[in-house]
Amino acid sequence: MKLLTLNFLTCAIKTCKTSPSSFPLHPQDAELEIVESDVNMAFLRNILPRLMWEELRGITRELGLPELPETAPAAEDLGEPSQVAKDLHRLLLETSIREGKLVCGNCGHEYAVKEGIANFLLPGHLV
Amino acid sequence: MSKLEARGEGYEAEHVHSVYEEIASHFSSTRYKPWPIVERFLKELPDGAVGADVGCGNGKYLTVNPRVFIVASDRSTNLVKIARQHQPHVAVVADNLSLPHPLYCFDFAISIAVIHHLSTSARRVEAVRAVLDLLRRPSGDVGDSESRALIYVWALEQKDSRRGWDEGHEQDVMVPWVIKGGQKAKRVKGQRKRKSEAEHQDSEEQTLAEQLQSKTYMRYYHLYRKGELRHDIEEAGGVVIDSGYEKDNWWAIASPKRDTGPIGS
């Protein structure tokens, strides 16, 4: 599961969604892998303004990845492509969680990631 | 359909979810051509739009417009395994009544041939609401485009289709999915080997012949009658912007009402 996915994920339990602590989900016991792909500049430029940068910094810290700068790069920093763009591509689209879990910071529920697929199906009593 | 069986989550687990999990690969091999209304909706989106595909199946809509980004989900792990191969999009396993996305975070959403699998009226309305809850609320700025969802469901009125349903027919139906024997040849071969260890030749051949025949899976559908999708959307706090009928299906493009707030408020 690409790390970019975490930018659009939260707890599947309805009552958690209005709580700020449910976003982002926290990866735990994560086994990471790099799945290489071509840099898509149009895609990066489009996705850049959508990134929750502070939360993304938190996730990279939790995963023990290199520290991100305090502020998000500007569109013009991406170049054609610059190192900034290549690094962002590597982090968001190539770095993937292969095994592990995603934990809600509000209720503590753990969602499993297996073979790169995150599973958000809830047990009956939580639906 | 058995009247004794209560509809709801457990019913769908047996008559929808487990079926798709079983037929995933055959189902996917028959699902490659995008429906025209869905294709148009996706192609008209502004470049860089970010959206959700709720009940993405094999992900056949992920490739329609390469200039948008789609976060897809499906209840079937086997279908998600197929859908996630479409780069640069992502796909996760989730239930459409408990979606794992922040409120109001997408520019658009699609839910194609999904909501008709929910087995009570309340659950279908809830499913529409879950889709609308994904959509970004307009900021009120000039030029801020409205976020939209496209919802597509099977119609009751399809007298020209081979199934022949039409007005007046029972709306809750079981629909067969047939996998012909030959397509299961590989599995049969494996089973034959195991069988042969325990049983003698005659019964083995009989079993094999049976297995080479078609296997039929029954899926539950609620067939929507005219006006019903609009009703469900309005009930869920949405506004229908455009709607119509295309090849045995009702479709609608909807937005959240301006004043609709978070879930439960």
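Let's start with a helix on a sheet. In chain B, α4(B) lies across β1 (50-54), β4 (108-112), β5, β8 and β9. Its direction runs at about 50° to β9(B). A second helix, α7(B), also packs on the sheet. α7(B) touches β5, β8 and β9 of chain B, and its direction makes about 165° with that of β8(B). One caution before I go on: this is a predicted model.

Now the sheet itself. Seven strands of chain B form an open sheet. The order is β3-β2-β1-β4-β5-β9-β8. The pairing is mixed. Which strands sit at the edges? They are β3 (90-93) and β8 of chain B, and each pairs on one side only. From one strand to the next, the twist averages 15°.

Next, the two helices against each other. In general, two packed helices are described by the angle between their axes and the distance between the axes. Here the pair is α4 (residues 121-132) and α7 (residues 228-235) of chain B. The angle is about 60°, and the axes are 8 Å apart. The crossing of α4(B) past α7(B) is right-handed. Who makes the contact? From α4(B), the residues are R124(B), V125(B), V128(B), R129(B) and L132(B). From α7(B), they are E228(B), D232(B), I233(B) and E235(B). By type, that contact has four nonpolar residues, five charged and no polar.

Look at β9(B) next. Strand β9 covers residues 249-256 of chain B. Why call it largely enclosed by the rest of the structure? Because eight of its eight residues are buried. Buried means under 20% relative accessible area. In a regular strand the side chains alternate between the two faces of the sheet. In β9(B), both faces are covered. One side carries N249(B), W251(B), I253(B) and S255(B). The other carries W250(B), A252(B), A254(B) and P256(B).

What are the neighbours of β9(B)? Strand β5 (residues 148-154) of chain B is joined to β9(B) by six bridges, antiparallel. Strand β8 (residues 238-246) of chain B is joined to β9(B) by eight bridges, also running antiparallel. A254(B) is a handy landmark. A254(B) is the bridge partner of A149(B), and also of V240(B). Further along, Y245(B) stands opposite W250(B). β8(B) and β9(B) make a hairpin, with two residues between them. In that turn, K247(B) has a positive phi of about 40°.

Over to chain A, where hairpins come up again. Strand β2 (residues 95-103) of chain A and β3(A) run antiparallel, joined by four bridges. V103(A) stands opposite E110(A). These two strands form a hairpin with six residues between them. G108(A), in the turn, has a positive phi of about 80°.

β3(A) then pairs with strand β4 (residues 117-118) of chain A. The sense is antiparallel, over two bridges. K114(A) faces I117(A) across that pairing, standing opposite it in β4(A). The hairpin has two residues between the strands. E115(A) there takes a positive phi near 50°.

So what about the faces of β3(A)? Strand β3 spans residues 110-114 of chain A. Y111(A) and V113(A) make up the covered face. E110(A), A112(A) and K114(A) make up the uncovered one. Set that beside β9(B), where both faces are covered.

Cysteines now. How many disulfides are there in the whole structure? Zero, over all chains. Take C104(A). Its nearest cysteine sulfur is that of C107(A), 3.8 Å away. A disulfide needs the sulfur atoms within 2.5 Å, and C104(A) is in none. C104(A) is buried, with a relative accessible area of 2%. In chain B, C105(B) is buried too, at 17%.

Last stop, a loop. A74(A) sits in the loop between α2 (53-62) and α3 (83-94) of chain A. Is A74(A) buried, partly exposed or exposed? Partly exposed, because its relative accessible area is 29%. L48(A) is 26 residues from A74(A) along the chain, and their C-alpha atoms are separated by 8.1 Å.

Conventions
Residues numbered from 1 in each chain as written. Chains lettered and ligands numbered in written order. Predicted model: local features only at pLDDT ≥ 70, side-chain atom pairs only at ≥ 80, totals over all residues. Heavy atoms only, no water. Buried < 20%, exposed > 50% of the residue type's maximum accessible area, 1.4 Å probe, protein only. Pairing = 2+ DSSP bridges. Axes fitted to C-alpha atoms, helices over the stretch in contact; angles between N-to-C directions. Left-handed = near helix turned anticlockwise from the far one by under 90°. Contact = heavy atoms within 4.5 Å. Nonpolar A, V, L, I, M, F, W, Y, C, P; charged D, E, K, R; others polar.
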